[in-house]
Amino acid sequence: VYFAEGYQAEAEAVAAALGKTADIVVAKPTTSLGTGSDTANVVVVLGADVSPVSGSSGTSTTTSTTAPN
């Protein structure tokens, strides 16, 4: 879980929702993590080794949310 400056707490909350500890939360790198990641405050990168969270159908979706400043 990556975060933009000022969004570490939100990234830690996302990690917790995924059942992970805060030690996986790091600042976003200067290189792009993918489409839309440059303007995102929190970016989650999941691999095949991550088990679905309860209620998941096994399909993948991408959701982008922007909060007003």
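**Close-up views of a predicted model**

**View 1. Overall architecture of the protein chain.** The protein chain contains one helix and three strands, and the model shown here is a predicted one. Followed along the sequence, these elements are arranged in the pattern β-α-β-β. Of the 69 residues in the protein chain, 12% are buried, while the area that the chain exposes comes to about 5400 Å², with carbon and sulfur atoms supplying 52% of this area. Among the contacts in the protein chain with a separation of 6 or more, 58% are accounted for by residues 24 or more positions apart.

**View 2. The open sheet and the pairing of its strands.** Three strands form an open sheet of mixed pairing, in which their order is 2-1-3. Strand 2 and strand 3, the latter spanning 42-43, are the edge strands, each of them pairing on one side only. Strand 1, made up of residues 2-3, runs parallel to strand 2 and is joined to strand 2 by two bridges. Within this pairing, Y2 stands opposite V26 of strand 2.

**View 3. The largest nonpolar core and the surroundings of V1.** Five residues, namely V1, F3, A11, A15 and V25, make up the largest nonpolar core. When its neighbours within four places in sequence are left aside, V1 is in contact with A11, A15 and V25, which are also members of this core, and its further contacts are with I24, V26, V42, V43 and V44.

**View 4. A27 in strand 2.** A27 is located in strand 2, which comprises residues 26-27. With a relative accessible area of 49%, A27 is classed as partly exposed, because this value lies between the limits of 20% for buried and 50% for exposed residues. Although A27 and F3 are 24 residues apart along the chain, their C-alpha atoms are separated by 4.9 Å. Apart from its neighbours within four places in sequence, A27 is in contact with Y2 and F3.

**View 5. S37 in the loop between strand 2 and strand 3.** S37 is situated in the loop that lies between strand 2 and strand 3. The relative accessibility of S37 is 7%, and S37 therefore counts as buried, the cut-off being under 20%. The side chains of S37 and S32 are joined by a polar contact of 3.4 Å. Leaving out neighbours within four places in sequence, the residues in contact with S37 are K28, S32 and V43.

Conventions
Residues numbered from 1 in each chain as written. Predicted model: local features only at pLDDT ≥ 70, side-chain atom pairs only at ≥ 80, totals over all residues. Heavy atoms only, no water. Core = buried A, V, L, I, M, F, W, Y, C linked by side-chain atoms within 4.5 Å. Buried < 20%, exposed > 50% of the residue type's maximum accessible area, 1.4 Å probe, protein only. Contact = heavy atoms within 4.5 Å. Helix = DSSP H or I, 4+ residues; strand = E, 2+ residues; numbered from the N terminus. Pairing = 2+ DSSP bridges. Areas by Shrake-Rupley, 256 points an atom, 1.4 Å probe, with all protein chains shown as cover. Polar contact = N/O pair within 3.5 Å; in protein donor to acceptor, adjacent residues only side chain to side chain.
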